[in-house]
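Biologist: Could you take me through the empty spaces in this protein, slowly, as if I were new to it? I'd like a close look at the largest pocket and whatever surrounds it.

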Amino acid sequence: MHPLSRRQFLLSASTITAGAVGFPSVLRAQAPITLRFSSSMLADQNAAHYVWYQRFAANLKANVGDSIRVDYFPNNQLGKESDVVQQVKVGSIDMMVTGSSIWATIAPELGMLDLGYLFDSYNHVARVLDGAAGASLNQLLRKRSDCTILTWASHFGARSVYTKRAVKSLADIRGVKLRVLPTPSFIETFKLMGAIPTPIPFGELYMAAQTGVVDGFEHDAATVLASKLNEVVKFCWLSEHLFSPMVVVIGRRGMDKIPASLRPAFLKAVADATAQERVIAQSNGSVVVQELKRKGVTFFPMAPAERVAVRKQMENTLWAGFAKQYPATAPLFSAINAARGES
């Protein structure tokens, strides 16, 4: 074996040193950022949460490869929504997808989005929340919790009333015990309509309806189908009282995990997923209703005159009272009305 010359030794040593310095950097660059993402819904194509996640995951993979991995936990695996909200705040869970309602427990102003008959359609929702009104609500939530609304997406159709016995009118809904989310907007909306609102976590809803703790609930058709709630109710009154936004929220610690260099690609994956999911949501609503009919659910439309009357009642009482209690929402109500009826 020939001894190394001094020049060869120095070249070899410098190569080894460069490798020793660079190798950990390569490992760090290749180590994926992992985010934990919670949902209350099943991992099912009839679940708006899962449909959004699938598009987001595919877009993220295309944008950043394996640099960011999002682990999806459906069906309340990480806890019921009220608990997950707190965990997103403190950073033990990074992200969650849910209705906007549960976040009103942190920023009460978001409760305006759950006031009955506020929106006419999901196109109306998108026009409003993709603009200044949505940004204002996001700023309020960030101030209260250090959490950020990444996007406003759509559920698969408006929320309507599902019951064990037939409800066909405002007169029929009086005295009916309906499961609602534990937010003032939901509770007051159904009080005004004459029902008895009963807050129950979503994960407990099937059993509550089955055992008679409640007479029914209000939700969107796709969630009813995905969660097999049609097994415990057989009637739907198409009140279409709420076009509830679906929100994806990330905590400050979750956002801080994403390097600045990757953040634009991450946010683009979010925005693209919402655009894709909204199209799917719009087409799936009627398909899901037909499937529920096939499974034995009978649907009754709300009379147009009743819809006009109850909307006016909501505007004069709930909306006005809410704006007085939370003055920051007054201009947002104006923005919603201004966007009504646009093409």
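Modeller: Let's start with helix H11, since H11 gives the largest share of the lining of the largest pocket, seven residues. Keep in mind that what you're looking at is a predicted model. H11 covers 263–294, and it has company: helix H4 (122–129), strand S5 (159–163) and strand S9 (235–242) also supply at least two residues each to that lining.

So how much space are those elements wrapped around? The largest pocket holds about 400 Å³. There are 23 residues lining it, and the ones closest to its centre are Tyr122, Phe156, Gly157, Ala158 and Ala281. If you sort the lining by residue class, you get 12 nonpolar residues, nine polar ones and two charged ones.

Now zoom out a bit. The domain assignment splits the chain into domain 1 (33–154 + 244–285) and domain 2 (159–243 + 298–339). Each domain is written as two stretches of the chain, so check both stretches when you colour them in. The pocket lining draws on both domains, with at least three residues from each.

What does the meeting of the two domains look like? Their C-alpha centres sit 23 Å apart. On the domain 1 side 34 residues take part in the contact, and on the domain 2 side 36 do. Together the two domains bury about 3000 Å² between them, and carbon and sulfur atoms give 70% of that area. Three residues of domain 1 are worth picking out: Met112, Leu115 and Tyr117 supply 27% of the area that domain 1 buries against domain 2, more than any other three residues. As for salt bridges between domain 1 and domain 2, the count is zero.

There's another empty space to find while you're here. Rolling a probe the size of a water molecule over the atoms shows where empty space is left. Counting cavities of 30 Å³ or more gives one, with about 140 Å³ of space in it. Its lining is made up of 16 residues, and Ser40, Glu81, Gly99, Arg159 and His219 are the closest to its centre. By class, that lining has four nonpolar, nine polar and three charged residues.

And where is this cavity? Domain 1 and domain 2 both give residues to its lining, so the cavity lies between them. To see it for yourself, colour the two domains, then look for Ser40 and His219, two of the residues closest to the cavity's centre.

How values were computed:
Residues numbered from 1 in each chain as written. Predicted model: local features only at pLDDT ≥ 70, side-chain atom pairs only at ≥ 80, totals over all residues. Heavy atoms only, no water. 1 Å grid on protein atoms, 1.4 Å probe; cavity = no way out; pocket = protein on both sides within 12 Å on 5 of 7 lines; lining within 4 Å. Points joined across faces, edges and corners; volume = space filled by probe spheres on them. Helix = DSSP H or I, 4+ residues; strand = E, 2+ residues; numbered from the N terminus. Nonpolar A, V, L, I, M, F, W, Y, C, P; charged D, E, K, R; others polar. Contact = heavy atoms within 4.5 Å. Buried area = accessible area lost by both parts, 1.4 Å probe. Salt bridge = Lys/Arg side-chain N within 4 Å of Asp/Glu carboxyl O.
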